Amino acid sequence: METRQLGRSGPAVSRFAFGTMTFGGDTDEAAAHEMLDAYVEAGGTLIDTADIYGSGASERIVGRWLSARPGVRERVLIATKGRFGFPGASLTPAYLRTALDAGLARLGVDQVDLYQVHGPDDEHRVDEIVEFLAEIVAAGKARHVGVSNFAGWQVAKLARLLAERGGPPLVSQQIQYSLLARAVEWEVVPAGVDAGVGTLLYGPLGQGWLTGKYRRDQRPPVGTRVARAEDMTSEAWHRRNTEEVWSVIEVLRDVAHAHGVTPGQAALAWAADRPGVTAPIVGARTVAQLRESLAAAALHLGEEANTRLTEASTPLTPNYPYGMLERIAGWHGE
């Protein structure tokens, strides 16, 4: 599998990362270990988890897999995150120290390759975590640090503060990004590029909408993610059963057919080759789903197909400030 550097100062990572959010929930431990084996056999190197996934179950499953596979720890990069889901959760260093130590214990390791703060906190400024991030790298608990779900200005500010105070460089931001979720192109992705931060994408298949399994005006099959989605979630049927979404999916199906691949594989290839992107994070409930995604690890669609998908999925530009910036400065957020 191709490798790319994560940001200006991060490690080399495989073109597709592997997300373990389903572990301990939709995916039992035996299937999880089989998926991890399949990912490594395909040349994958970056395994992403978080303390909130399965309330710690995901980290424990990954940890037991590591301990049962002598030598595999040297072949993979382990990334985890902390911020949500447990008593006292916040952006305070005191909480994050506890969260990281608990995550290390569940993973059964002394150090993770990447520790990402999982989200901002309205009550605590990003300034407060600069010393914490420097501390965990100096202590050898994390090789590299990053963030997830931060606003563009927060990414820029944190990267600047770390540089000014002699801390470790911010190497990653993990964000939702797909053909159906492109608003991050206006500020978040460009902020990362400017700060030398690599972008990892979650939800590159639009929470299942871009796999081609759903059909216009047909309710989603029982048991699928969309059928089980709560009304407030972005993948809920009532939110995405729109002409705009179906028009994107139709173009995606055409492009996939022309390349002899599935819609999901075409969507992953498009996402992986977007400006500023280091790697999409592929997740799955089953080994078969994962293998289908991994089959696209070497797929590049070409300029014409990428342009078709980009044009079909471009969201409406808010008149201000982005519309005005386009008109007066030719600004496109890239």
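**Packing and strand order in the predicted model**

The buried residues of helix H4 pack against helix H3 (93-107), strand E6, strand E7 and helix H5. In this predicted model, the buried set of H4 consists of Val-130, Phe-132, Leu-133 and Ile-136. Gly-140 follows H4 and has a positive phi, near 80°.

H4, which spans residues 130-138, is also the connecting helix between E6 and E7; the β-α-β crossover along this path is right-handed. Strand E6 covers residues 112-117 and is paired with E7 in the parallel sense, with five bridges between the two. Within this pairing, Tyr-115 has Val-145 of E7 as its bridge partner. E7 is mostly covered, with six of its seven residues buried.

On to the next pair, E7 (residues 142-148) runs parallel to E8, and four bridges join the two strands. From E7 the chain passes through helix H5, residues 152-164, before it reaches E8, and this β-α-β crossover is right-handed. Val-145, the bridge partner of Tyr-115, is also bridged to Leu-170 in E8. A further bridge links Ser-148 with Gln-174 of E8. Strand E8 comprises residues 170-176 and is mostly covered, six of its seven residues being buried.

The pairing continues from E8 to strand E9 (residues 198-202), again in the parallel sense, over five bridges. The connection runs from E8 through helix H6 (residues 188-195) to E9, and this β-α-β crossover is right-handed. Gln-173 is bridged to Thr-199 in E9. In a regular strand, side chains alternate between the two faces of the sheet.

Several residues of these strands recur in the surroundings of Lys-81. This lysine is located in strand E5, residues 77-82. Is Lys-81 buried or exposed? Its relative accessible area is 1%, under the 20% limit, so Lys-81 counts as buried. The side chain of Lys-81 forms a polar contact of 2.9 Å with the side chain of Asp-48. A polar atom of the Lys-81 side chain also lies 2.9 Å from the backbone oxygen of Thr-49. When neighbours within four places in sequence are left aside, the residues in contact with Lys-81 are Asp-48, Thr-49, Ala-50, Asp-51, Tyr-53, Tyr-115, Gln-116, His-118, Ser-148 and Gln-174. Included in this list are Ser-148 and Gln-174, which are bridge partners across E7 and E8. Tyr-115 is likewise in the list, and its bridge partner in E7 is Val-145.

Some backbone geometries in the model are also to be noted. Most residues other than glycine have a negative phi, and most peptide bonds are trans. Ser-55 is not a glycine, yet its phi is positive, at about 50°. Ser-55 is placed in the loop between strand E4 (46-48) and helix H2 (57-68). With a relative accessibility of 53%, Ser-55 counts as exposed. Gln-207, also not a glycine, has a positive phi of about 55°. The loop between E9 and helix H7 (225-228) contains Gln-207. Unlike Ser-55, which is exposed, Gln-207 counts as buried, at 8% relative accessibility. The peptide bond from Tyr-320 to Pro-321 is cis, with omega near 5°. Pro-321 lies within helix H13, residues 319-329.

For the protein as a whole, the secondary structure amounts to 13 helices and 10 strands. The radius of gyration is 19 Å, close to the 20 Å given by the globule rule for 334 residues, so the protein is as compact as a globular protein of that length. Along the principal axes, the C-alpha atoms fill a box of roughly 55 × 50 × 35 Å. Of the 334 residues, 54% are buried. Among contacts with a separation of 6 or more, 76% are between residues 24 or more positions apart. The accessible surface comes to about 14500 Å², and carbon and sulfur atoms account for 51% of it.

Note on methods. Residues numbered from 1 in each chain as written. Predicted model: local features only at pLDDT ≥ 70, side-chain atom pairs only at ≥ 80, totals over all residues. Heavy atoms only, no water. Buried < 20%, exposed > 50% of the residue type's maximum accessible area, 1.4 Å probe, protein only. Pairing = 2+ DSSP bridges. Right-handed = clockwise from strand over helix to strand, strands pointing away. Rg over C-alpha atoms; globule rule 2.2 N^0.38 Å. Contact = heavy atoms within 4.5 Å. Areas by Shrake-Rupley, 256 points an atom, 1.4 Å probe, with all protein chains shown as cover. Polar contact = N/O pair within 3.5 Å; in protein donor to acceptor, adjacent residues only side chain to side chain.
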